[in-house]
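Please open the model in your viewer and keep the sequence panel visible. The tour below proceeds by selection, and each stop describes what is found there.

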Amino acid sequence: MPLRSILKFWNFICFFLLISFPLFASAEKVKPLNPDCDVCPVVISYSSDETRNILGKTGMNLILGLKDIKEKTLKIDMDGVKNTGSDKDEDDGYELLIFVYQHMIAINSIPDGSSIKLKTGFKNLIKDQNINPWNPEIELSPSNEHNIEKTDQLDVAWSKMRQSSMYNFINSGEKTWGQNLGKFLLMVLDTSLKK
């Protein structure tokens with residue numbers, strides 16, 4: 001009788017994992033930006049669902065604030081020594097170069113070229129200010145010397161990303177990567193709206 005209970009329990013676990021695996025697997029993936037090109041960039045991409053979870057309602061509201069911005073460039077000193085600068089300021093002393101548009105925010109690490117691209121889903125959001133149909137995406141790229149290849153598995157792509165200065169800027173807190181990424185992106189959005 002105990003063997004039968006164990007088998008039922010094992011079947012339940014297998015069924016649960018089988019059902020939930022697509023949900024976990026689709027959260028992030030290795031994605032070539034142009035699948036037909038062998039030398040084009042490849043990124044770690046987050047699905048819209050995962051990006052919505054990372055940014056939350058606060059991120060959605062900050063993105064709605066981009067309605068008055070057509071194009072903006074700014075620089076951020078992650079040490080907090082220098083005030084937020086513009087594209088006219090020299091790179092010296094700044095760690096991040098940020099290009100802000102309604103449809104996208106590109107965050108580039110000045111030291112090594114690693115980057116985050118936040119596709120804001122602004123056009124979709126401005127039509128229906130509800131979190132459910134909103135479709136933002138996050139794309140991560142490691143440093144120029146550790147490019148992700150089309151054939152890389154997700155764990156290899158992440159090992160390359162972990163070597164980047166962008167990863168270290170974001171993952172300096174005690175929280176999970178997703179929480180730190182959300183906090184970082186909210187800081188960038190907030191700074192973009194204020195500067």
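Begin by selecting Asp 112, which touches Ser 143, Asn 144, Gln 163, Ser 164 and Ser 165 when residues up to four places away in sequence are not counted; contact here means heavy atoms within 4.5 Å. Before going further, note that this is a predicted model, in which local features need pLDDT of at least 70, side-chain atom pairs count only at pLDDT 80 or more, and totals for chains, interfaces and linings use all residues. Residues are numbered from 1 along each chain as its sequence is written, and side-chain values use heavy atoms, with hydrogens and water left out.

**Around Asp 112**

Asp 112 is located in the loop between β6 and β7 (115-119). Helices (H or I, at least four residues) and strands (E, at least two) are DSSP runs, numbered from the N terminus. Display the side chain of Ser 114 as well: the side chain of Asp 112 makes a polar contact with it at 2.7 Å. A polar contact is a pair of N or O atoms within 3.5 Å; within protein, one must be able to donate a hydrogen and the other to accept it, and residues adjacent in sequence count only if both atoms are side-chain atoms.

Is Asp 112 buried or exposed? Asp 112 is buried, yet has no salt bridge, and the nearest side chain of opposite charge, that of Lys 160, is 14 Å away. Buried means under 20% relative accessible area, exposed over 50%, and partly exposed in between (1.4 Å probe, protein chains only). For charge, Lys and Arg count as positive and Asp and Glu as negative, while His and the chain ends are not counted. A salt bridge requires a side-chain nitrogen of Lys or Arg within 4 Å of a carboxyl oxygen of Asp or Glu.

**Strand β5 and its partners**

Next, select residues 96-100, which form strand β5; four of its five residues are buried. Add strand β3 (residues 72-76), which pairs with β5 in the antiparallel sense over five bridges; strands pair if DSSP finds at least two bridges between them. Here Lys 75 stands opposite Leu 97 of β5. Then add strand β6 (residues 104-109), also antiparallel to β5 over five bridges. Val 100 has Ile 105 in β6 as its bridge partner, and three residues separate β5 from β6 in the hairpin that they form.

**Ile 107 and the core**

Now centre the view on Ile 107. Leaving aside neighbours within four places in sequence, its contacts include Leu 96, Leu 97, Ile 98, Ile 116, Met 166 and Phe 184. Within the largest nonpolar core, of 39 residues, Ile 107 and Ile 116 touch the most other members. Such a core is a set of buried Ala, Val, Leu, Ile, Met, Phe, Trp, Tyr and Cys residues joined through side-chain atoms within 4.5 Å.

**The salt bridges**

Finally, turn to the charged pairs, where the count comes to seven salt bridges. Select Lys 31 and Glu 139, whose side chains meet at 3.3 Å, N to O. This pair links distant parts of the chain, with Lys 31 in strand β1 (residues 28-32) and Glu 139 in strand β8 (residues 137-141), 108 residues apart. Lys 31 is partly exposed at 21% relative accessibility, whereas Glu 139 is buried at 2%.

Glu 139 also forms a salt bridge with Lys 119 (3.1 Å, N to O). Lys 119 is partly exposed at 28% relative accessibility. To complete the selection, add Glu 137: Lys 31, Lys 119, Glu 137 and Glu 139 are linked in a network of salt bridges.
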